[in-house]
Amino acid sequence: MAAIFAFTCSCCGKLHEGSPSFGFRAPDHYSSLSEEQKLEVGSLSNDFCTIGNGEGTDFFIRAFPEVPIHGIERPFLWGVWVSLSQKSFERYRETYNSQVEGEIFFGWVCNSIALYPHHSPRRADVVVKGDKCRPRIVLHRGDPNDDPLAIDQAHGISILRAQSLAERAMHHV
Ligand SMILES: [Zn+2]
């Protein structure tokens, strides 16, 4: 039976329990704006973000690329923002309180994850989970298949690798 993830941290010596989850408060595009610009062209809530870009508006929502941990019930989660077309964004917002499980939107991942460096933009399917859970992200496999996050997502990671990633993300080592 799948177990709960827990480990004694080699950085701080504490027991960390539960599958790790790390998130970004905003898309990188938003975080890089000045405070003035944020007020002028940006809008940010827990699950939605829009940024006016002069010619139009960019639309973002929060979602999770789940990375399975071998033998563990719950996946390793990275909370990132993805940009959607206006049509997809509006559809997601309209159905937010009565989500259609299994509905899929195309999006671009809009945060760079330091522990998963990758030099080209990440394309993804955003899959609605329903029950007011944030959607999950299934990354497209590129050609060449060199995105470490897409590889980990497809194959899952060992408990040791999950521990190492969690320690580095938690303690910035
Ligand atoms: Zn620790």
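**Group meeting: cores and strand pairing in a predicted model**

Let's start with burial. Of the 173 residues in the protein, 28% are buried. Keep in mind that this is a predicted model.

Now the overall fold. The protein has 5 helices and 10 strands. Its radius of gyration is 17 Å, close to the 16 Å from the globule rule for 173 residues, so the protein is as compact as a globular protein of that length. The C-alpha trace spans about 50 × 35 × 35 Å along the principal axes. What about contact range? Take contacts between residues at least 6 apart in sequence: 57% of them join residues at least 24 apart.

Next, the cores. Nonpolar side chains tend to be buried together in soluble globular proteins. Here, the largest nonpolar core holds 21 residues. Which of its members touch the most others? They are F60, I61, A63, W81, V82, L84 and I137. Several elements give two or more residues to this core. On the strand side, they are strand 5 (48–52), strand 6 (57–67), strand 7 (76–84), strand 8 (104–109) and strand 9 (123–127). Helix 3 (86–94) is on that list too. There is also a second, separate core, of 8 residues. Among them are F5, V67, F76 and I157.

Let's zoom in on W81. I leave aside its neighbours within four places in sequence. W81 is then in contact with F24, A26 and P27. It also contacts C49, then F60, I61 and R62, and finally C110 and N111. Two of these partners, F60 and I61, are on the list of core members with the most contacts to other members.

Compare L77, in strand 7. Is L77 buried or partly exposed? It has 17 other C-beta atoms within 10 Å, and burial takes 20 or more. So L77 counts as partly exposed. Not counting residues up to four places away in sequence, L77 touches S19, S21, F64 and E66. Look at that last partner. L77 and E66 are 11 residues apart in sequence, yet 5.0 Å apart in space, C-alpha to C-alpha.

Last topic, strand 10, residues 136–139. Which strands pair with it? Strand 6 runs parallel to strand 10, with 2 bridges joining them. There, P65 has I137 as its bridge partner in strand 10. I137 came up earlier, in the largest nonpolar core. Strand 9 pairs with strand 10 in the antiparallel sense, over 4 bridges. D125 stands opposite V138 of strand 10.

That's the tour. Over to you.

Key
Residues numbered from 1 in each chain as written. Predicted model: local features only at pLDDT ≥ 70, side-chain atom pairs only at ≥ 80, totals over all residues. Rg over C-alpha atoms; globule rule 2.2 N^0.38 Å. Buried ≥ 20, exposed ≤ 12 C-beta atoms within 10 Å, placed from the backbone. Contact = placed C-beta atoms within 7 Å. Core = buried A, V, L, I, M, F, W, Y, C linked by C-beta atoms within 7 Å. Pairing = 2+ DSSP bridges.
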